Amino acid sequence: LTRGDKRRLRAERFEREAERSAAEKQACIADVMRDTALAWLERYYAEAMSSVVAEQASEMKLEIEAAEAAYRGGRGSQADVFVARSALAAIEDRRSDVDRRVAAARIMLARWTRSDADLPLGTRPDIGRVALDRAALDKDIVHHPQSQVLVREQELATTEANLARAEKKADWSVEFAYQRRGPAYSDMVSIGVSVPLQWNQRKRQDRELAAKLATVEEVNAEVEEGLRTHLAEVRLLLNEWDSNQVRIARYERELLPLAQARTRASIAAYRGGKTGLADVLAARRDELDVRLQALQLESDTARLWAQLN
């Protein structure tokens, strides 16, 4: 005759185990969604960098043709031709590295989506906004899938401790037997009631209960530490994301326009015979660096966006 509270607690323990498994599933789904987004963004920005480098390589080829024509016409030197070819070789080397990054990004995205790696990408999401309420981070962090796993562990440990406490009260058992014996004996009916004597509880039931209570304390500490750690990680990501937003605006407002203006000015001066081809190539190289730096900054910010969301 199992006590009612024991039956309830045993059923509750199985429910808590099921809830923990469901929370672990949601955490796994969240990880897959995050990693898929990161793979998509990696490919997007790798292809964007490849386009920028390819554009600069095309411009450099035109500079080589102009330098060769000037040399043949006696208006330029052979050194300008060699400088232009060296600059093109450097860009082609950088292009090879970027193309390697594109190929790797396509492989990783196909790993997560099981789709054709050469399919074109859609529109980039808006990385300028995150789906977080900064004023309620302390409360919302508890509902994160990873936090929910810790919370379910806490509830399961508490239920197991309550069950161990209930097990200290013994269950009674009742037996009934009917024996049909031989002709020389009468039939016999027997009824028995058994009451277990839980003696020496200090070394048995009390120890089990103490172990369960210690587990509850351990899990409670892990939950508190996990929530605090996760909250700190989110705030650090938000801080870095905010800083990157300011830097992206600076690149768009100042650095990129200045680099492009310097390139145009160098080309105009070169055509007017006021400067050499080396200055034009240096300006183009600096512009390429600035454009790639801006894309890399956007890529880093997009990764933060994916992690935060």
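Okay, let's start with two helices, H2 and H6: their axes cross at roughly 15 degrees and come within 9 Å. An angle under 35 degrees counts as roughly parallel, and therefore H2 and H6 are roughly parallel to each other. The crossing of this pair, H2 with H6, is left-handed. Before I go on, please keep in mind that this is a predicted model.

Now let's bring in helix H1, which covers residues 4-72. How do H1 and H6 run relative to each other, parallel or antiparallel? Their axes cross at roughly 170 degrees and come within 9 Å. The cut-off for roughly antiparallel is over 145 degrees, so H1 is roughly antiparallel to H6. And what sits in that contact? Sorting the residues where H1 meets H6 gives 19 nonpolar, four polar and 10 charged.

H1 has another partner to talk about, and that's H4, residues 145-166. Here the packing angle is about 165 degrees, and the axes are 8 Å apart. That is again over 145, and H1 and H4 are therefore roughly antiparallel to each other. Their crossing is left-handed. The contact of H1 with H4 is made up of 16 charged residues, nine nonpolar and five polar.

So what's in the middle? The largest nonpolar core has 47 residues. Inside that core, Leu-41 and Trp-305 are the residues with the most contacts. Which helices feed into it? At least two residues each come from H1, H2, H4, H5 and H6, where H5 is 205-271 and H6 is 277-308. H1 gives the largest share of this core, 13 residues.

Okay, on to charges. How many salt bridges does a search of the whole structure find? The count is 28. I'll pick out a few of them.

Take Arg-106 and Glu-47, whose side chains form a salt bridge at 3.2 Å, N to O. Arg-106 sits in helix H2, residues 78-113, while Glu-47 is in H1, so this pair ties together parts that are 59 residues apart in sequence. Are these two buried or exposed? Well, buried means under 20% and exposed means over 50%. Arg-106 has 27% relative accessibility, so Arg-106 counts as partly exposed. Glu-47, with a relative accessible area of 21%, is partly exposed too.

Next, Glu-68 with Arg-85. In this salt bridge the closest N and O atoms are 2.6 Å apart. Once more we're going between H1 and H2: Glu-68 is in H1, Arg-85 is in H2, and the two are 17 residues apart, so to speak distant parts of the chain that get linked. Glu-68 counts as partly exposed at 22% relative accessibility, and Arg-85 counts as partly exposed at 42%.

Then there's Arg-129 and Asp-126, with side chains that meet in a salt bridge at 3.4 Å, N to O. Arg-129 is exposed, with a relative accessible area of 64%, whereas Asp-126 is partly exposed, at 44%. And some salt bridges share partners: Arg-8, Glu-12, Arg-16, Glu-19, Arg-152 and Glu-155 are joined into one network that way.

Two single residues before I stop. The first one I've picked is Val-223, in helix H5. Is Val-223 buried or exposed? Its relative accessibility is 7%, so Val-223 counts as buried. Along the sequence, Val-223 and Gln-146 are 77 residues apart, but in space their C-alpha atoms are 10 Å apart.

The other one is Ile-191, which you'll find in strand S2, residues 188-194. With a relative accessible area of 65%, Ile-191 is exposed. If you look at Ile-191 together with Ala-177, they are 14 residues apart along the chain, and 6.5 Å separates their C-alpha atoms.

Let me go back over the main points. H1 is roughly antiparallel to H6, and H1 is also roughly antiparallel to H4, while H2 and H6 are roughly parallel. The 47-residue core takes its largest share from H1. And two of the salt bridges we looked at, Arg-106 with Glu-47 and Glu-68 with Arg-85, run between H1 and H2. That's it from me, thanks!

Technical notes
Residues are numbered from 1 along each chain as its sequence is written. This is a predicted model: local features need pLDDT of at least 70, side-chain atom pairs count only at pLDDT 80 or more; totals for chains, interfaces and linings use all residues. Side-chain values use heavy atoms; hydrogens and water are left out. Axes are lines fitted to C-alpha atoms, for helices over the stretch in contact, and angles run from 0 to 180 degrees between N-to-C directions. Helices (H or I, at least four residues) and strands (E, at least two) are DSSP runs, numbered from the N terminus. Angles under 35 degrees count as roughly parallel, over 145 as roughly antiparallel, 65 to 115 as roughly perpendicular and the rest as oblique. A crossing is left-handed if the near helix is turned anticlockwise from the far one by less than a right angle, and right-handed if clockwise. Ala, Val, Leu, Ile, Met, Phe, Trp, Tyr, Cys and Pro count as nonpolar, Asp, Glu, Lys and Arg as charged, and the others, Gly among them, as polar. A salt bridge is a side-chain nitrogen of Lys or Arg within 4 Å of a carboxyl oxygen of Asp or Glu. Buried means under 20% relative accessible area, exposed over 50%, partly exposed in between (1.4 Å probe, protein chains only). A nonpolar core is a set of buried Ala, Val, Leu, Ile, Met, Phe, Trp, Tyr and Cys residues joined through side-chain atoms within 4.5 Å.
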